[in-house]
Amino acid sequence: MKRRSMGLGLVVGLAVLAGAAAVGCGSEGGGGGGEAELGRGTLRLPLLTEGASGTRYRLRNATFEVISYNYYYYPYASSAGGEGGSGSQNITVSSEDDPDATSIALSVERGDYYVRLLPGWHMEKLDAGGATEVEATLLSSDTQWVYVSAHSSSWVEYEFGLGERKLWFNGQLNIEIRIHEDPREIYGWSGQPGDDGYAGAGAGGGGGAGG
């Protein structure tokens, strides 16, 4: 199993799209193993997870933009549909394409991908009574980087915290004032105000008048 991402790695909040549902992670695309499959792997976007309390949560109305930008040489380019060299490709998928799915799986060419969670998503809490929308805040960046290796699954991770944004991101800003009664408190002058000498700047490098 291979899982690589560059999320913020926050330890607080709800790791909703972490690879908690790691079942099925591993070699993909088992089939004929022909040349057309040699450079492909699976990119997975989990949609369902479980909080520390045991409560289950689902991400809804989630639209992901998957952008590939690969620089590598692939010797089977001619038989694998032109794979190899450099190129970019955009794929857009939604959690609502299959509302009951626990994750989105994409068969993609090996390489680097940026995955962006677009605005408009919401979180649901699942219990015996059904699904209830709850307020949640995205704690990690909306854009994640992931590398997909051939014949393996790579998971993209996002983290959310239950509650409004200020609960997770607000801090306290304090404003204070200070007052100085003598310029020497700031500048270290050796004489009276208006003198152009500084402490330690006596003739020949000798020390000036001590304070």
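Here is a short conversation about a predicted model, its open sheet and one buried serine.

Reader: What makes some parts of the model less certain?

Author: The measure is pLDDT, the predictor's confidence in each residue, from 0 to 100. The protein averages 74, and 62% of the residues score at least 70. Over residues 1-36 the pLDDT is below 50. It also stays under 50 over residues 200-211. Residues are numbered from 1 along each chain as its sequence is written. Local features need pLDDT of at least 70 and side-chain atom pairs 80 or more, while totals for chains, interfaces and linings use all residues, and hydrogens and water are left out of side-chain values, which use heavy atoms.

Reader: Why are β6 and β12 called edge strands?

Author: Strands are DSSP runs (E, at least two residues), numbered from the N terminus, and two of them pair if DSSP finds at least two bridges between them. The open sheet has the order β6-β1-β12. Strands β6 (103-109) and β12 (153-155) each pair on one side only, so they are its edges.

Reader: How do you know that β1 and β6 pair?

Author: They share 7 bridges, in the antiparallel sense; pairing asks for at least two, so they qualify. Arg 44 stands opposite Ala 105 in β6.

Reader: Why is Ser 153 called buried?

Author: Buried means under 20% relative accessible area, exposed over 50%, partly exposed in between (1.4 Å probe, protein chains only). Ser 153, in strand β12, has 0%, so Ser 153 is buried.

Reader: What makes the pair Ser 153 and Arg 44 a polar contact?

Author: Such a contact is a pair of N or O atoms within 3.5 Å; within protein, one must be able to donate a hydrogen and the other to accept it, and residues adjacent in sequence count only if both atoms are side-chain atoms. The two side chains make theirs at 3.4 Å, so the distance fits the limit.

Technical notes:
Helix = DSSP H or I, 4+ residues; strand = E, 2+ residues; numbered from the N terminus. Contact = heavy atoms within 4.5 Å.
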